[in-house]
Amino acid sequence: MKKYDLLATGMMTFALFLGAGNIIFPPSLGLQAGTALLPAMAGFLFTAVGLPAFTLMILGRLNSSAALTEKLPAWMGTTFWVLLFTAIGPAFGMPRAVTVAYEMGIAPFFEQDTLLPFTIVFCIVTFLLAFKPGKLVDYIGKVMTPVLILMLVALALAAFLNPLDVPQLPSGEYATAPVVNGLIQGYMTMDAIAAVGFGWVIIRAITSKGVSTPSGIAKASTQVALIYAALMSACYLAMGYVGATSASIAAEATHGGTILSNYVAAAFGPYGQWLLAAIIVMACLTTTVGLTNACSEYYQQAFKAPFSFTATVVVILTGVVANFGLEQIIAASLPAILVLCPVALSLVLASLQKSAQTTFAAVVVTVLFGGIDAMNILGKMPEALNSTFSEALPLYTAHASWLVPCLLVMSASLMKRRLTPQMSTNA
C-alpha cells in the first residue's frame with residue numbers, strides 16, 4: 001500500500017471505533033482517578049486499545065474475518081456472526097449511536113423533541129456514505145477523520161494549555177488499585193467485539209488498494225492496527241486529562257457527557273456546545289457508517305444478499321429502534337453482547353492454534369463462563385453463588401472468569417496434539 005493510503009486506512013479505522021462512548025467514558029475515569037490518572041490509563045489502554053489492535057492483527061494474519069470461525073461447525077459459525085452483527089448493528093450499537101448523537105449533540109439546541117427528524121436525516125446520511133464500500137477510505141479516512149481529529153485536538157489543547165483545575169486525589173477503587181480498575185474498565189468497553197465486526201471492512205479496504213497476497217494483507221493490517229492504536233491512545237489520554245482537571249466544574253457529574261459539556265462551556269464559552277455537538281455527531285456518524293458497511297459486507301459474502309438491500313434494511317431498522325423501544329432492545333440484547341465479547345476473544349486466541357477441536361472446546365467453555373460473567377454484570381447472580389465465585393473463580397470480580405478456563409482448554413488441547421504423535425511412535 002502507498003503510505004498515504006495506509007495512513008488513510010488507519011485513520012478510517014480510528015474513526016470507526018471512535019463512537020460517543022469512547023469520547024465520554026475517559027473523562028469519567030480521569031475525574032475519579034485524579035492524580036492516579038497515568039497508572040489507571042495504562043491499565044485502561046492495555047485492554048481498551050490493546051485487545052482491539054491485537055484482534056485486528058490476528059484477522060489480518062488470517063486474511064479474512066470469516067476464517068475466524070471456519071474451524072467451527074457451520075451452524076455455530078453462522079449463529080455467531082448473525083448474533084454479532086445483529087447486536088452491534090441495528091439491535092444495539094447503531095441505535096445507541098443515533099440517540100447519543102441526538103441527546104448530546106442536537107437536543108441542547110431545541111426545546112421540543114426533534115429525535116424523529118434528526119434520525120431520518122442521520123440515517124439517510126449514514127446510508128449514502130455506506131452505500132459505496134469502495135469509497136469508505138476516501139469518505140472517512142481522508143475527509144471526516146482529519147476534521148474529527150482537528151476538533152479533538154482543539155479540545156485537548158485547551159485542557160493542556162489552560163487547565164481549569166488540578167487533578168484531585170483518586171476516589172473509590174482508583175485510590176487502591178488504579179491499574180487493575182483501569183484494566184477492568186478498558187475490557188468493559190467491549191471494543192474487541194467491534195474489532196471482530198470491523199475486520200470485514202478493514203480487510204476489504206486493504207484489498208481494495210491492491211494488496212492481495214496473504215503476507216501483504218497481514219503486514220498492512222498490522223500497520224493499520226498500530227496507527228489506530230496510536231490515535232486512539234492519544235484520544236483517551238487527552239479526554240482522561242480533561243476529566244482529571246474538571247473537579248471544580250464537574251464534581252457532581254454522573255457520567256462523562258456531563259463532564260465534557262461543562263468543560264467545553266467553561267473553556268470555549270457559548271461556542272463550546274457547538275464544538276462538542278460537532279465532535280459527538282461526527283464520531284457517531286463514522287461509527288454507524290462503519291457498522292452498516294460491516295453488516296452488509298457479511299450478509300453479502302455469507303448469504304449473497306445484495307449490499308444495497310442489506311444496508312437499507314439495517315439503516316431502516318436502526319431508525320425504528322432508535323425511536324421506538326431502544327431501552328427494551330438494549331435490555332434484551334445486552335446479555336447477548338456480554339457473552340459475545342468473550343466468545344469473540346476466545347475465537348481470536350484459538351485461531352493461533354488452527355485446530356477445530358481447540359476452537360470448538362474454547363467456544364463452549366467461554367459461552368459457559370461468559371454467561372456467568374454476564375449474570376454478574378447484570379446483577380442477576382444469586383448472592384450465595386456470587387460469594388462462592390468471588391472466592392473460587394479466578395478473575396470473576398474482573399468480569400473475565402472465562403479467560404483462565406479458555407486458556408486451560410487451549411493448553412490441554414495443544415499438549416494432547418503434541419503428545420499423541422510421540423505416544424504413537426513409542427508404541
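Trainee: Which residues does V409 touch, not counting residues up to four places away in sequence?
Mentor: This is a predicted model, in which local features need pLDDT (the predictor's confidence in each residue, from 0 to 100) of at least 70, side-chain atom pairs count only at pLDDT 80 or more, and totals for chains, interfaces and linings use all residues. Residues are numbered from 1 along each chain as its sequence is written, and side-chain values use heavy atoms, with hydrogens and water left out. A contact means heavy atoms within 4.5 Å. Leaving aside residues up to four places away in sequence, V409 touches A361, A362 and V365.

Trainee: What separates the C-alpha atoms of V409 and T359?
Mentor: V409 sits in helix α19 (residues 403–426); helices (H or I, at least four residues) and strands (E, at least two) are DSSP runs, numbered from the N terminus. T359 is 50 residues from V409 along the chain. The separation of their C-alpha atoms is 9.5 Å.

Trainee: How far apart are the C-alpha centres of domain 1 and domain 2?
Mentor: The protein divides into domain 1 (3–326) and domain 2 (353–421), with bounds from an automatic or database domain assignment. Between them, eight residues of domain 1 are in contact with 11 residues of domain 2. The distance from one C-alpha centre to the other is 28 Å.

Trainee: Which three residues supply 52% of the area that domain 1 buries against domain 2?
Mentor: Buried area is the accessible area (1.4 Å probe) that two parts lose on being put together, summed over both. The two domains bury about 840 Å² between them, 79% of it on carbon and sulfur atoms. More of domain 1's buried area comes from this trio than from any other three residues: K71, I184 and Y187.

Trainee: Which helix gives the largest share of the side of domain 1 that touches domain 2?
Mentor: Between the domains the count of salt bridges (a side-chain nitrogen of Lys or Arg within 4 Å of a carboxyl oxygen of Asp or Glu) is zero. By class, that side of domain 1 has six nonpolar, no polar and two charged residues, where Ala, Val, Leu, Ile, Met, Phe, Trp, Tyr, Cys and Pro count as nonpolar, Asp, Glu, Lys and Arg as charged, and the others, Gly among them, as polar. The largest share, three residues (178–188 being the helix bounds), comes from helix α9.

Trainee: Which residue forms a salt bridge with D5?
Mentor: The structure holds three salt bridges. In the one formed by D5, the closest N and O atoms are 3.4 Å apart. D5 lies in helix α1 (residues 3–17) and its partner in helix α8 (residues 136–161), so the pair ties together parts that are 137 residues apart in sequence. That partner is K142.

Trainee: Over which residues does pLDDT stay under 50?
Mentor: The protein averages a pLDDT of 89, and 96% of the residues score at least 70. Where pLDDT is low, the predicted coordinates should not be read in detail. The stretch under 50, with zero contacts beyond four places in sequence, is residues 423–427.
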